[in-house]
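Hi everyone, and thanks for making time for this. I'd like to walk you through a structure, so please have a look at it before I start talking.

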Amino acid sequence: MKFVGIVGTNAAQSYNRKLLEFMKNHFSDKAEIEILELRGVPMFNESDDQSLSPVIQNFNTKITEADGVIIATPEHNHSIPSALKSILEWLSWNLHPLDGKPVMVVGAAYDVQGSSRAQLHLRQILDAPGVNASVMPGSEFLLGRAHEAFDGEGNIKSEPTVDFLDSCFYRFMRFAKVANLLNVPEEVNFEPGTYNVTALGHNGDLPMVVEMSSTRIEKIEIDTSGESQGIADVVFTRIPNQIIEGQTLNVDILSGASVTSNGVIDGVAKAVKMAGANPDVLKKRPKAQSAINRGDEEYTADVVVVGAGGAGLAAAASVLQQGKKVIVVEKFPAIGGNTVRTGGPMNAADPEWQRTFAAIPGEGHTLEGLAATPEEQVDAEYLEDFRIFKQQVADYLEQTKNGQEFLFDSAVFHRMQTYFGGKRTDLQGNKIYGQYDLVKVLTDQALESVKWLEELGVEFDYKDVTMPVGALWRRGHKPVKHEGYAFVAALEKFVRENGGQIITDTPVKQLIIEADGRVSGVVGTGVAGQTVTVHARAVVLASGGFGANTRMLKQYNTYWSEIDDEIKTSNSPAITGDGILLGQSAGADLVGMGFSQMMPVSDPQTGALFSGLQVPPQNFVMVNQQGKRFVNEYGSRDQLSIAAINNGGLFYLIADDKIKETAYNTNQQKIDKQVAQGTLFRADTLEDLARQINVDPAVLVETIAKYNSYVDQGHDPEFGKGAFDLKVEVAPFYATPRKPAVHHTMGGLKIDTDTHVLNESGRQIPGLYAAGEVAGGIHAGNRLGGNSLTDIFTFGRIAGRVAIAEQVRSAEHVTN
Amino acid sequence: MNLIGIVGTNSNTSTNRKLLQFMSKHFSAQAQIEVCEIKHLPAFDEPEGRQAPQEVQELCEKIAAADGVIIATPEYDHSIPAALKSVIEWISYTTRPLINKSVLIVGASHGLLGTSRAQAHLRQILDAPELKARVLPSSEFLLGHSLTAFDEEGHLVYADKVQELDEIFEEFRLFVKINQQLMKEHDFKTEQNKRFSWETASQGGRF
């Protein structure tokens, strides 16, 4: 038999080590005992998962392969040492090698107690559900006065003690043999039939049908019509596929979708139970073949793109449009990154279209106000454009002086708003604003990007011009349906139909960098742990920012007085700054890293954008926890966030029945459900609404009365709200709780207008390009709402085009 | 009254941390409770010389200066977390400031049981001669379902639990005072315990 012996302390000198060494020698003709030491095992920390580190993996593998485990514990403070507790915590969290494993407890100590109390604690700990070891009952071996117990050769001197140890050990050998029988896979028989259960979706339960024959799970069908598209659908196909393929419930959950993954597994487990079988048996079966590493993979393409969000897919599409080969590597199971999470409006000045809409109250003031900015406040490179803009405003006001005000716009106005909107000073006094040439490309080519997307199949809704929060102007082009997913769906279809390859579940770990500094591919880790290498002439980094990496946000932050450890984010959990680190490994320079954007109107619990009633900003009425307005609701995102933070973080959006009709991405069913769950408040009177959110009713009533009077007069003397639409007057009334959450990171890799990544001397890094949120320099201190989609589709497109033009065409030229 | 509250975990997110932060605010009129973290402390490794690292010494000094200590423990595998056990080992291995110190044990868990088994272990641990803490007897504060126990502002939302905590805290304040009185009037072998070691005890050199 083969056992593992764990020395229960990390101390240099230990009688428990001596005891195990004695057992190893003494029983060498009966069993093989391999001794494992705790030195080098990190302190368990659930915030810093090291389950995959070599030292923990060594314990995991050795224990898994052994017939049983012997733990020798000292006693520290009437319990087991922290070092021993720490390894048991590692082995009961994400890994469970001790589950069902026969375990023998022994212990040695200085005093006569011989670790008696520690052993009792250890037995209780090994019984905990996460550990779930099969501990041999009885046969307690306590070696007291251990310092006197051994002779010079390390043998136990007392013969009766050795006799007792022999009896305990022989019993353990038999116990291990019997206990391991419990681990032999059981036969499973189902009552054949079709079972209706549910899986857990993001928006509630999803109906799931499981079909079983007498020996197999034959079919799993999940009705996902109630789910938002794009985010979760991989869970609902891959997990059922693996369950059926391996006839197992031992399925890896998908990163970023653990709740829905477990929901599917639990649902099938329930069906198994209904069919009269024990799901635990299926949980102990091996994983499906496709989930097991079958060797490393190697690919070659003209261009490899890191990240399958909007920027990456745009880059890939533009490579394919030129007839070249592209591979997109995505770390998550699902593609779409943050793009699938957006509301869909993409800023592009399209004056011909926009002038068909009437202006709304307040917009004229906004134009005049911006045009009245003193020229000395405008940075030199923007001055010429600023003068053009002033002339445009003068012309517009002249044209509309007799009424009939229409919605004005121009690429120059978009540029000035991006510039002014991004101009900020951080806590250290550093001033920042968008780099002129990049902002010019963004705003001049925005409309071209819209047209390009239309060619690829994105359908825009021209009946409405939208303004997302913090956009400052109505120039949003919104897809007809499916919001951000519309872009991803169209681009994915185009990429796949034109021979592009998308490899999911594969985080890129490093860039391949040649001796001359040229970047020529990437190396990642695949879903089953295999190495995935892609060789290419050019690498486009399109992996997004670092909004879901709190540690990195805190490391670079120079803008917010504090970023809380538990700050929420509206981002996908995939957005952890990977591309920035990859760029740095090739010597890339960074720009504006200290500036991150909070989305002021996020869900306080989840950070999500589209819960409650998310309406256009002209219909925002924000009240603090005292029921008072506190800010110009039409302001930029950081102004709103700072105001919210200064008012205690949590605040409410107040709406009436008419404003409710203008809410994005919701419906009456979702609204009713949220009211029932208590995440959205609804009442027939403002007074009652006030009571529900713990606000003085008189204060809220007065706040709303004042707000309504400002709407009537088209002017807000208190906070200067930039535009108005509806009053709050028709019952029922709503209050949506909101709180700022991390939304966008403006800083990133330094690029030029051709998306070359630049090094610290300002020179191009050959073969390396970057587009989207991974790059910095454009939005500077604050990104306008609706500008991120413009950014990713404009620069993503450029990256694909330039990479081919420079790296592939020039290489062809040389070989020809 | 000056108390310190020890967050019994190294995790970045912890409802035990929230519990202590709540107590610190909620009882601010009755006592000053400084919430202390253990996440930056190195793991105990039984070094020769019985010298605690700087960060541990700082915590020990705070304990020594305080009138009492509140420990908020999570439950990992039916016991206290290794990270908390490690701190206790440092304390018992070096200057032993917990000897005769009044201690209140509280705990919060995501599940229903509220760290009952971890608290029982912690009591036994604090009873060891080299720790010899004076733990408030017959009162335990178990906070189950801790994920939904605190609102946005960190207030404990379960009214019955707030009342229970009020009562236990009042009792603890009294316990601290009586214990201080007792210590003033009697010498309970504090110095001997400070020198106690299992090595010498086992060689017949008990006290």
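Let me begin with one definition: two strands pair if DSSP finds at least two bridges between them. And please keep in mind as we go that this is a predicted model.

With that in hand, let's start in chain A with strand β30, residues 764-770. Strand β21(A), residues 538-541, is joined to β30(A) by 3 bridges, and the two run parallel. One pair to find on your screens is A:Val540, whose bridge partner in β30(A) is A:Tyr769. Now look at strand β29(A), residues 756-758, which pairs with β30(A) in the antiparallel sense over 2 bridges. There, A:His756 stands opposite A:Tyr769. So what links β29(A) and β30(A) in the chain? They form a hairpin with 5 residues between them, and in the turn A:Gly762 has a positive phi of about 80°.

Is β30(A) mostly covered or mostly uncovered? It is mostly covered, with 5 of its 7 residues buried. As a general reminder for reading any strand, side chains in a regular strand alternate between the two faces of the sheet.

Let's zoom out to the sheet. It is an open sheet of 6 strands in chain A, in the order β17-β12-β11-β21-β30-β29, with mixed pairing. Which strands stand at the edges? They are β17(A), residues 501-503, and β29(A); each has a single partner strand, so one side of each is left without a neighbour in the sheet. On average, neighbouring strands here are turned by 35° against each other, direction ignored. On the other flank of our story, strand β11(A), residues 303-306, pairs with β21(A) in the parallel sense over 4 bridges. The bridge partner of A:Val303 in β21(A) is A:Ala538.

Chain A also has an open sheet of 4 strands, in the order β10-β20-β19-β18, and its pairing is mixed. Its edge strands are β10(A), residues 297-300, and β18(A), residues 508-513, each pairing on one side only. For this sheet the average turn between neighbouring strands is 20°, direction ignored. If you follow β18(A), you'll see 4 bridges joining it to β19(A), residues 519-525, with the two running antiparallel. A:Gln510 has A:Val523 as its bridge partner in β19(A).

On to helices. Helix α11(A), residues 363-371, packs against helix α12(A), residues 380-399, at an angle of about 145°, with the axes 10 Å apart. The crossing is left-handed. On the α11(A) side, the contact is made by A:Leu367, A:Glu368, A:Leu370 and A:Ala371, and the α12(A) residues they meet include A:Phe386, A:Phe389 and A:Lys390. What kinds of residue make up this contact? The split is 8 nonpolar, no polar and 2 charged.

Another helix worth a stop is α19(A), residues 637-646. Its buried residues include A:Arg637 and A:Asp638, along with A:Leu640 and A:Ser641. Among the elements covering the buried residues of α19(A) are β23(A), residues 596-602, and β27(A), residues 733-745. After α19(A) comes A:Gly648, with a positive phi near 90°.

Now a few backbone details that are easy to scroll past. A cis peptide bond joins A:Ala731 and A:Pro732, with omega about 0°. A:Pro732 sits in the loop between α23(A), residues 697-713, and β27(A). A:Ser115 is not a glycine, yet its phi is positive, near 75°. You'll find A:Ser115 in the loop between β4(A) and α4(A). Why does A:Ser115 count as buried? Because its relative accessibility is 0%, and buried means under 20%.

Chain B has a counterpart for this discussion: B:Asn100, again not a glycine, has a positive phi of about 65°. B:Asn100 lies in the loop between α3(B) and β4(B), and it counts as buried at 7% relative accessibility.

Let me finish with chain B as a whole. How many helices and strands does chain B have? There are 7 helices and 6 strands, and along the sequence they follow the pattern β-α-β-α-β-α-β-α-β-β-α-α-α. Of the 207 residues in chain B, 54% are buried. Among contacts in chain B between residues at least 6 apart in sequence, 77% join residues at least 24 apart.

Key
Residues are numbered from 1 along each chain as its sequence is written. Chains are lettered from A and ligands numbered from 1 in the order in which they are written. This is a predicted model: local features need pLDDT of at least 70, side-chain atom pairs count only at pLDDT 80 or more; totals for chains, interfaces and linings use all residues. Side-chain values use heavy atoms; hydrogens and water are left out. Axes are lines fitted to C-alpha atoms, for helices over the stretch in contact, and angles run from 0 to 180 degrees between N-to-C directions. A crossing is left-handed if the near helix is turned anticlockwise from the far one by less than a right angle, and right-handed if clockwise. Contact means heavy atoms within 4.5 Å. Ala, Val, Leu, Ile, Met, Phe, Trp, Tyr, Cys and Pro count as nonpolar, Asp, Glu, Lys and Arg as charged, and the others, Gly among them, as polar. Buried means under 20% relative accessible area, exposed over 50%, partly exposed in between (1.4 Å probe, protein chains only).
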